[in-house]
Every structure is written in C-alpha cells, then in structure tokens.
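This report walks through one structure for a reader who has not met it before. The topics are taken in turn under short headings.

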Protein chains: 2
Amino acid sequence: MGRGHMARRNTNRRVGIADVAEKAGVSHATVSRVMNGNAAVDPGIAARVRAAAAELKYQPNPVGRSLALGKTDTIGIVVPDLANPTFQAILRGLSIAAAQDGYRVLIADSSEVTSEEAILAGEARRRCDGVVLCAPRMADAELEELAPTLHPLVLINRTTIATNTPSLSVDYGQGIQELAQHLVSLGHRRLVFLSGPEHSASNRQRLVGLDQFRAEHPEIELQMLHGGSNFDSGHESTEAIIASGATGILAFNDLVAMGLLSGLHERGVRVPEDISVTGFDDIPFAKYTTPPLTTAAVPINELGSLAWRRMREQIQQAGETTTQAQDEFSPRMEIRKSTAAPALKPAS
Amino acid sequence: MGRGHMARRNTNRRVGIADVAEKAGVSHATVSRVMNGNAAVDPGIAARVRAAAAELKYQPNPVGRSLALGKTDTIGIVVPDLANPTFQAILRGLSIAAAQDGYRVLIADSSEVTSEEAILAGEARRRCDGVVLCAPRMADAELEELAPTLHPLVLINRTTIATNTPSLSVDYGQGIQELAQHLVSLGHRRLVFLSGPEHSASNRQRLVGLDQFRAEHPEIELQMLHGGSNFDSGHESTEAIIASGATGILAFNDLVAMGLLSGLHERGVRVPEDISVTGFDDIPFAKYTTPPLTTAAVPINELGSLAWRRMREQIQQAGETTTQAQDEFSPRMEIRKSTAAPALKPAS
DNA sequence: ACGCTCCGAGAAAACGCTTTCTCATGATTC
DNA sequence: GAATCATGAGAAAGCGTTTTCTCGGAGCGT
C-alpha cells in the first residue's frame, strides 16, 4: 500500500485542461490561450504551461472543442455502395485532400437503400461541418427538398435547380456518344447498350446521349438491354449479348464490362475479334483486364479532391449564399484493346 | 459596438432543445427525458413535447450529446492505403456492421507514411469511442507502446504481447505454403516468391512460411524476388520473372499477380501454359482476370464485420480488462485457371 | 505624483445536451 | 386525518473547451 494515496484518477479519467492548469499554477483559460496561441500570454507563463502540457501528454478533447467552436473539423460523405470502385476512389481522394487541411471524413454507406439516404445525410450533417452526397437514385424532388437543409453540401453527379449548391458531374451523355462513335468508326453497325440501374441519374444521361446518337446515325442499329451496375450483372447478360447478334457492346460501366468480358471468355467468344466491348469510368483495373478495356475515363481521383475544394470554399465563406461552381467533366476516350474492327460478316 | 444588435444570431442558429422546451412550455430537462425515454414523464406532457419537437423538426445536437454522455457513437479506422482493395473491403464490412448498431466510422488514411500512423490513431481515438488499426509496417516496439493508449482497440494483422487487445489476423505463412504446395503437386520444380514491402508484417509471415516449406522440400528451387504490393510493382517485375526461368510464381498478393499477368500477356508469355501464377487475398477482381487467378482467399468481408464485433465487445465491457480474443483466419485455397502443370522442359 | 491607457490573467459565461438533486403534489397507509 | 411515499418536473450541476468580461498592475505622459 506504499503508494495507496496515489490512487490516480488518471486511470479512469483522461487528462484535461484543468490538470494542466493546476500543474502550471494558472487558470484553465490561460492554458487554452497558450494551446491555441490566440491571445498574448507572458512568455514565461506560456513556457510553464507548455511544459506542464507536455509532461502530462495533454491533448485537448475534440468534443469539448467542437462544442465551444461550433465546428467539428469533419465532413461526411454519403455513398450508395462502398464496394463500387468509383465511390472508393472519390472517398479516397476526398479523404486525402481533406486531411491536408486538417479535416477528417465520416462515412455513411446507404447500401443502395435509397430511402435511407436522406436520413443518413441529415445525420451526417449534424455531426459534421458539411456533407458530400452521392445519391444517384434519389428522386429529384427529394433531393431538391433535402439540399438546403444540408448546406455546406457538395453533390456528385446530381444538380439542383437552385444554383447555390456546388456539384461535380461527369458528362455521361457525351462520353457514351463518343464511345458509340468510336465503335461506328471502326466499322460496327449493330450496337447494344447494356444499361445500368433504371433510376440511376447517370444512366438517364447515357440514354439521352444515345438518343442523340441515334438521331445522328439513323443507319446504325442500337439495341437496349437492361442490366445492373456490377460485375455479376455484366456476367449474367452474356447470353443475351451473344443472342443480340451485335458486334459492339456499350457496357454501363467498367464493372459491367469486366463481368461481360469474363462471360464472353467462358463462352469462347473472342474480344475484340468477335465482339468489341467498351466500359465507362476507367477504374484502375480497366487497363489490366485481358484485353485491356476501351473506356471513357472519368478523372476519378480528381473528383474527390475537387469535391473537397468546393466544400472548403463553402465552409470558409460561411454565411453568404453565393452561387456555386457547377463543375462538369468531359470523359476522355481511353482506346485500348477490347475494341477493334468487326470481322467481316458472312453475307446472310 | 452595439450590443443589442449583435445579441442574437438566432437567424442562422439551429433549433435547440431550449426552443422545444419553450414551445412545449416545459423545462429543457423534460424535453431531454422525453427524447431519450429515460425517466417517466406524464403522457400528456410527453405528447406535447413530441409534438413541439416534430413541428420544429428538432434533432438533438450530437456534439452536445457526446460531451454529456462521454461517447461519440463513432469508431475510427486507420488504414495505410485506401487504394488497396483489402482495406477497402475491411472498411466496408466494418462500416456496415457498425451502422447496424448505430455507430459510424471515421476514416484516417496514413498514405503509407508509417511515421504518421501513431499520431493519426491517437487523434482518431480522441474523437471516437475506439479505433481499428491497420498498420502493417509499424515497428513492433512502437505498436506495443501505442496500443494501451488506444484502448478500445482492434488490431488487424498485428498482435501485441499483452493479451488484452483483440486482434484479427490471417495465417499468411500457412496460405503461402499451401500455394507453394499446390504448384509443386502440379509438377513445378522452380518457384519464385515475388515478395512484398520489406517491413510489412504479413510479408515476414509469408517468408517464415516459405522457410518452412523449403525445409520440407529441399528438392524444390525457390528464388526470392523483391517487389511491392500493388499492380505496378507486379508489372515491373515481369522481366525479372521471365529471366528467372521459374515456372511457378507466388505473387505477394492479387494486385501484384494481376500486374504480372498483364505484363506476361504483353510479352506473349502464356499463363498457365508457360508460367503459373498465384495471388493472395482473393479480392473481388481475382476471379475475373484472364485467366482467373488461383489464390489464397482471406475472408475479406468477414474481417470487417468481425472487427466491429470485437470492438463492440470492448465498448460494452468498458473498464474491465479481460483477455481478448485473438482471431486467426486460415486462408482457403481458391484454385482457378492461372495455375496448371508446367510444360515439359526441353532438356538443357 | 497622479491619472491615463495597455496588457495580461483569472472569473465566469457560453456551447447543447444529460442527469442528479430537490421539492411540490397527490396518493397511500395506519 | 396526519404521516409516509411515490411520482414527476424544474433547477442546477456537470461534460471540456473557448471566449468574453473584468480587473489589478505596470508603463507612460504631464
């Protein structure tokens, strides 16, 4: 029991500002001032405080700090599915960029449950200084209503009517047209668009783009096939694709294209000799498929870091509601080996 | 300055508990009681409070709540690189499992900067109720010192001497031996291990496993080649692999294997006819490479959800320092098409 | 020397919530 | 019918910071 009196409450309580204050023989206000360098403090006292803080390994409690300052130095991101490489990339870019400015990222995965997205976003917003929202399937009306309550908000691949919410989007319509154009210029005449989830905003954009393409190329046959947004749905479409008789396939995205590639390979259909396949997004794996995938590259890494920049701008100009940048990226064609001129069709 | 004028920033202030209390004509204590259902409240009053809360769309401020309760309902995860599918999967599993219990995940990407990991982890811990730490390269001594300060802590692929920190690990030594064994039983006699980052704990485990393999199979030639942990490093090793003359390649992980696969394909080396390649991890893409990759599957999805379960156990039994589970997973062989019997070597 | 301004540090208020403490009121018991 | 109890709501004390307010004391000019 020699050290019985030393029953440290340290064991159950973390060291707080009060402990430092006591040790340094000053008030906790002064400790705060020293730690934040906000007001002028006598250099001697400051040194004493710093010494005490160092000795006790004092680190301010962020929760107390957040309450007092009204900010958490944290932003939230809502994604529909963390298994999707696109969102992974956005998350990563966002997290790294935000970290550079001393911000952290809280993640909310809606697991594709559209009805949860608004709730998750609201919750995230309450905990954080802002929210990045990826909600491709949320109804327009709901988004429009939700957006103002979330302010500092950055939208990914969605826009609102009000122009005070910055948004980052990709011109999917343009990209899919260029891909179709690419196939046509290789000599393909029968194309299939293997579409994504029905209510996805970006799928709608692709459809609009393809309508335009059709108008410009009435001579080209373009079929629509329903699909999903992942590997498996691409794989499952293999038979339908083969049955379609088309030689050029526009897959919804790289994931779908890869699933299809693997399905075709299993069936002994050669790519690109028998069928050409294109993806969309240019996820990191796209250039390592066999054959490497022709795709429309969206600047997947930039997206995250730009999202942070837009967020930071809003956080800094807190209050004023100015009109915000609406960034739109044009995808860059990435021509690889999964597309080529079609074999000469036997006259039929 | 004019005090009265500045007095209320009510205009942009969020609705707080006080507003609800005023509207319902009760004290804010009562509002809190109603919201949390903690104590008995007169049903009539409770209804009035709920009505007021609903009308004002009141949602308790989580920061205030956290300060009062001493918990944030948030856990942190520290990962070395969010671009790595393994960590993405862990993050995803963790996030989904935690969400089910009403917890959120804060992410900290150390960007492979080992020296930052301890700081990030500490910071995360202060903001959260616990930390999941993935720090494959952190020095043992540093980890040992850091662990107690982080408690509620779950370690991934690392262990501490003290047994009160739960850890989840994969038996990489076992897995790599089985892969080597698989190649040998196919008839390969000259193998190469394309190693990962030098200071990676899991790489060391593989090396230990291979030492054992060597002891048991003195007749097999097993070379070591230095590499990294991603696509590009696999791709860059292509020449060295070809030059080695080996027919069976044990890549550090699936990423490396995929990079190598693509390199070999470019060079016209056929897999598995000319060279067999194995990966490790069984990331989702592994079964879609051409040829599909033989690999040692680690239950990548379970890892995240189990991490949460271990974390929750600790959070619940706050205080008592009991000895914690050390989970070790044995990888499951996933034999696909990237391995086959070697072609008969020309007598040389 | 006297009053003036500055400066720096402690006291106290604020941040938004939960929870203990306290006390009134009405019900229960002998 | 008085004493005891249970009930439920308000007052107030935290939680750990930052920041405003206040005030003593030092420096300066006249």
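## DNA strand D

In this predicted model, a backbone N or O atom of A:Ile17 lies 2.8 Å from a phosphate oxygen of DNA strand D. A:Tyr58 also approaches this strand, with a polar side-chain atom 3.1 Å from a sugar or linking oxygen. The bases are reached as well: a polar side-chain atom of B:Arg33 is 2.7 Å from a base nitrogen of DNA strand D.

DNA strand D is surrounded by 28 residues, and the closest are A:Ser32, A:Arg65, B:Thr30, B:Arg33 and B:Asp42. By class, the surface near the strand has 14 nonpolar, 10 polar and four charged residues. Helix 2 and helix 4 of chain A, along with helix 3 and helix 5 of chain B, each supply at least two residues of that surface. Among the atoms of DNA strand D within 4 Å of the protein, sugar or phosphate accounts for 65%, and bases for the rest.

## DNA strand C

Around DNA strand C there are 28 residues, of which A:Thr30, A:Asp42, B:Ile17, B:Ser32 and B:Asn38 come nearest. The surface near this strand divides into 14 nonpolar, nine polar and five charged residues. At least two residues of this surface come from each of helix 2 (28-36) and helix 4 (62-69) of chain A and helix 3 (28-36) and helix 5 (62-69) of chain B. Of the atoms of DNA strand C within 4 Å of the protein, 68% are sugar or phosphate atoms and the rest belong to bases.

Individual contacts involve both bases and phosphate. An N or O atom in the side chain of A:Arg33 is 2.7 Å from a base nitrogen of DNA strand C. A polar backbone atom of B:Gly64 lies 3.2 Å from a base nitrogen of the strand. The side chain of B:Tyr58 has an N or O atom 2.9 Å from a phosphate oxygen of DNA strand C.

## Aromatic residues between the chains

Over all chains, the structure holds nine aromatic pairs. One of them is the stacked pair of A:Phe231 and B:Tyr288, 3.8 Å centre to centre with 15° between the planes. This pair joins two chains, because A:Phe231 lies in helix 10 (residues 231-236) of chain A and B:Tyr288 in the loop between strand 9 (276-278) and strand 10 (295-297) of chain B. A:Phe231 counts as buried because its relative accessibility is 10%, and B:Tyr288 is buried with a relative accessible area of 11%.

A:Phe285 and B:Phe285 form another stacked pair, 3.5 Å centre to centre and with 5° between the planes. This pair crosses between chains, and in each chain Phe285 is in the loop between strand 9 and strand 10. Both A:Phe285 and B:Phe285 are buried. One aromatic cluster takes in A:Phe231, A:Phe285, A:Tyr288, B:Phe231, B:Phe285 and B:Tyr288.

## An arginine over two rings

In chain B, the charged end of B:Arg206 sits over the ring of B:Phe252, 4.0 Å from the ring centre. B:Arg206 also lies over the face of B:Phe280, at 4.8 Å from the centre of that ring.

## Two buried threonines of chain A

A:Thr278 is in strand 9 of chain A and counts as buried, at 0% relative accessibility. Leaving out residues up to four places away in sequence, A:Thr278 touches several residues, including A:Leu179, A:Leu183, A:Ile249, A:Leu293 and A:Thr339.

A:Thr238 belongs to helix 11 (residues 238-244) of chain A. A:Thr238 has a relative accessible area of 5%, so this residue is buried. Its side chain reaches the backbone oxygen of A:His235 at 2.5 Å. Beyond four places in sequence, A:Thr238 touches A:Leu260, A:Gly263, A:Leu264 and A:Arg267.

## A:Glu221

A:Glu221 lies in strand 7 (residues 221-225) of chain A. With a relative accessible area of 33%, A:Glu221 is partly exposed. Its side chain makes a polar contact of 3.1 Å with the side chain of A:Arg190 and one of 3.2 Å with the side chain of A:Gln223.

Which residues does A:Glu221 touch, not counting residues up to four places away in sequence? They are A:Arg189, A:Arg190 and A:Leu191. A:Glu221 and A:Ala246 are 25 residues apart in sequence, and their C-alpha atoms are 8.6 Å apart in space.

Conventions
Residues numbered from 1 in each chain as written. Chains lettered and ligands numbered in written order. Predicted model: local features only at pLDDT ≥ 70, side-chain atom pairs only at ≥ 80, totals over all residues. Heavy atoms only, no water. Phe/Tyr/Trp six-rings, centres within 6.5 Å; stacked < 30°, edge-to-face > 60°. Helix = DSSP H or I, 4+ residues; strand = E, 2+ residues; numbered from the N terminus. Buried < 20%, exposed > 50% of the residue type's maximum accessible area, 1.4 Å probe, protein only. Lys NZ or Arg CZ within 6 Å of the ring centre and 35° of its normal. Contact = heavy atoms within 4.5 Å. Near = heavy atom within 4 Å. Polar contact = N/O pair within 3.5 Å; in protein donor to acceptor, adjacent residues only side chain to side chain. Nonpolar A, V, L, I, M, F, W, Y, C, P; charged D, E, K, R; others polar.
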